[in-house]
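Reader: Could you take me on a close look at the place where the two chains meet? I would enjoy one connected walk through that part.

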Number of protein chains: 2
Amino acid sequence: MFAQTPKPPYYAVIFTSLKAKEDQGYGAMSDRMVALVQQQEGFLGFESAREALGITVSYWRDEASILAWKAQMKHQEAQKLGKERWYTDYKIRIAKVERDYAK
Amino acid sequence: MFAQTPKPPYYAVIFTSLKAKEDQGYGAMSDRMVALVQQQEGFLGFESAREALGITVSYWRDEASILAWKAQMKHQEAQKLGKERWYTDYKIRIAKVERDYAK
């Protein structure tokens with residue numbers, strides 16, 4: 001459940017969102033995107049939780065990998081529907097992980 | 001519910017955790033830490049969600065502010081109990097937010 005990330009530096013994309021009540025097609029699309037992102041060059045893993053607010057943090061080798069995923073055709077379709085239909089609000093932060101430690 | 005963060009750059013601390021079944025004193029300590037962190041120099045806000053995995057992202061002006069919070073006496077006590085009692089596992093990543101955007 002914890003993403004198995006390498007020694008820093010690497011990148012994190014922090015996606016914070018509020019979901020709309022309408023859920024039409026969200027679950028299926030989410031499953032497709034989870035499968036698709038694993039094949040993406042430079043993808044390192046992700047962690048996700050939702051209560052009122054949803055937080056998904058995905059980890060990436062570098063910025064180029066993040067930009068390639070953002071531009072991926074099927075992901076662009078998901079982004080469009082997300083903006084129009086599934087999320088009433090969201091914020092995306094791109095951050096460079098400089099150090100990390102565990103229990 | 002979204003942290004009202006300024007224009008980047010600023011810092012994010014991504015705290016991912018698995019809670020133990022035992023919850024003794026966790027809620028009260030968590031409330032105290034939420035109150036205390038607001039008074040901390042350089043603190044910008046936080047976002048939090050928990051399902052199986054818990055994710056709390058706190059935002060900070062700079063690394064010095066993060067280190068000062070880590071060293072804060074009452075917070076050190078909370079960290080100690082967290083490690084011993086409340087969390088079966090956790091990972092902490094310190095990252096520099098380089099850019100962000102919203103819906």
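**Where the chains meet**

Author: Happy to, and let's start with a single pair: Arg93(A) has Asp100(B), in S4(B), as its bridge partner. Please keep in mind that this is a predicted model. That pair belongs to a strand pairing across the chains: S4(A) and strand S4 (residues 87–102) of chain B run antiparallel and are joined by eleven bridges.

Now step back to the whole contact, to which chain A and chain B give 31 residues each. On the side of chain A that touches chain B, the elements giving two or more residues are strand S1 (10–19), strand S2 (43–50), strand S3 (54–60) and strand S4 (87–102). S4(A) supplies the largest share of that side, 15 residues. By kind, the residues of this side of chain A are 17 nonpolar, twelve charged and two polar.

How do the copies relate to each other? A turn of 180° with a shift of 0.0 Å along the axis lays chain A on chain B with an RMSD of 0.0 Å. This is the relation of a two-fold axis. The copies meet through the same surface, because 100% of the interface residues of chain A are also interface residues in chain B.

Finally, the nonpolar core. The largest one has 26 residues, and those touching the most other members are Tyr11, Ala12 and Ala95 of chain A and Tyr11, Ala12 and Ala95 of chain B. S1, S3 and S4 of both chain A and chain B each give two or more residues to this core. For a closer view, pick Tyr11(A): leaving out residues up to four places away in sequence, its contacts include Tyr59(A), Trp60(A), Ile66(A), Ile94(A) and Ala95(A). Charged residues also touch Tyr11(A), among them Asp62(A), Glu63(A) and Lys96(A).

Terms used. Residues numbered from 1 in each chain as written. Chains lettered and ligands numbered in written order. Predicted model: local features only at pLDDT ≥ 70, side-chain atom pairs only at ≥ 80, totals over all residues. Least-squares fit on C-alpha atoms with pLDDT ≥ 70 in both. Contact = placed C-beta atoms within 7 Å. Helix = DSSP H or I, 4+ residues; strand = E, 2+ residues; numbered from the N terminus. Pairing = 2+ DSSP bridges. Core = buried A, V, L, I, M, F, W, Y, C linked by C-beta atoms within 7 Å. Buried ≥ 20, exposed ≤ 12 C-beta atoms within 10 Å, placed from the backbone.
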